[in-house]
Amino acid sequence: MFDFIFYFLGSFLYGSNTGLNTRKIDKNIELLKQQGWFKRIYEDEKYRSLFFSNKYVRAYLQSNYRVKKIIRNESAQKRLLNILDKQLNR
């Protein structure tokens, strides 16, 4: 959660573009899809639409550092699942 907040604060303070980089996000999703646990989530219809249309989820997955952490760290994987669940219930 703090990574996400720092990303947006940093973008605001340094004046960089806060738009989403679709190519980068899609590349990161492809990296995650190589993981069995993520592939099951991605193929689940209730979550799948979030990866295409939810700006919060897409912004979260835009960070290469965060995605690598998700791949390596079980608690980061759980954090991603919590984010997905919260976005479903919005």
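**View 1. Lysine 27 in helix H2 of the predicted model.** Lysine 27 lies in helix H2, which spans residues 22-33. The relative accessible area of lysine 27 is 49%. Since partly exposed residues fall between the cut-offs of 20% and 50%, lysine 27 is therefore classed as partly exposed.

**View 2. A patch of positive charge on the surface.** Lys27 appears again here, gathered with Lys24, Lys68 and Arg72 in a patch of positive charge. Two helices each give two or more residues to the positive patch: helix H2 (22-33) and helix H6 (64-72).

**View 3. Glutamine 77 in helix H7.** Helix H7 covers residues 74-88, and glutamine 77 is part of this helix. Glutamine 77 has a relative accessibility of 16% and is therefore counted as buried, because the term buried applies under 20%. The side chain of glutamine 77 reaches the backbone oxygen of isoleucine 71, at a distance of 3.4 Å. This separation is within the cut-off of 3.5 Å for a polar contact.

**View 4. Lysine 46 in helix H4 and its distance from aspartate 85.** Lysine 46 belongs to helix H4, which is formed by residues 45-53. With a relative accessibility of 47%, lysine 46 is counted as partly exposed. Along the chain, lysine 46 and aspartate 85 are 39 residues apart. In the predicted model, the C-alpha atoms of lysine 46 and aspartate 85 are separated by 9.5 Å.

Terms used: Residues are numbered from 1 along each chain as its sequence is written. This is a predicted model: local features need pLDDT of at least 70, side-chain atom pairs count only at pLDDT 80 or more; totals for chains, interfaces and linings use all residues. Side-chain values use heavy atoms; hydrogens and water are left out. Patches are made of residues with over 30% relative accessible area and no salt bridge: like charges are joined within 9 Å, nonpolar side chains (Val, Leu, Ile, Met, Phe, Trp, Tyr) within 5 Å. Accessible areas come from the Shrake-Rupley method with a 1.4 Å probe; for residues, only the protein chains shown count as cover. A salt bridge is a side-chain nitrogen of Lys or Arg within 4 Å of a carboxyl oxygen of Asp or Glu. Lys and Arg count as positive and Asp and Glu as negative; His and the chain ends are not counted. The place of a charge is taken as NZ of Lys, CZ of Arg, CG of Asp or CD of Glu. Helices (H or I, at least four residues) and strands (E, at least two) are DSSP runs, numbered from the N terminus. Buried means under 20% relative accessible area, exposed over 50%, partly exposed in between (1.4 Å probe, protein chains only). A polar contact is a pair of N or O atoms within 3.5 Å; within protein, one must be able to donate a hydrogen and the other to accept it, and residues adjacent in sequence count only if both atoms are side-chain atoms.
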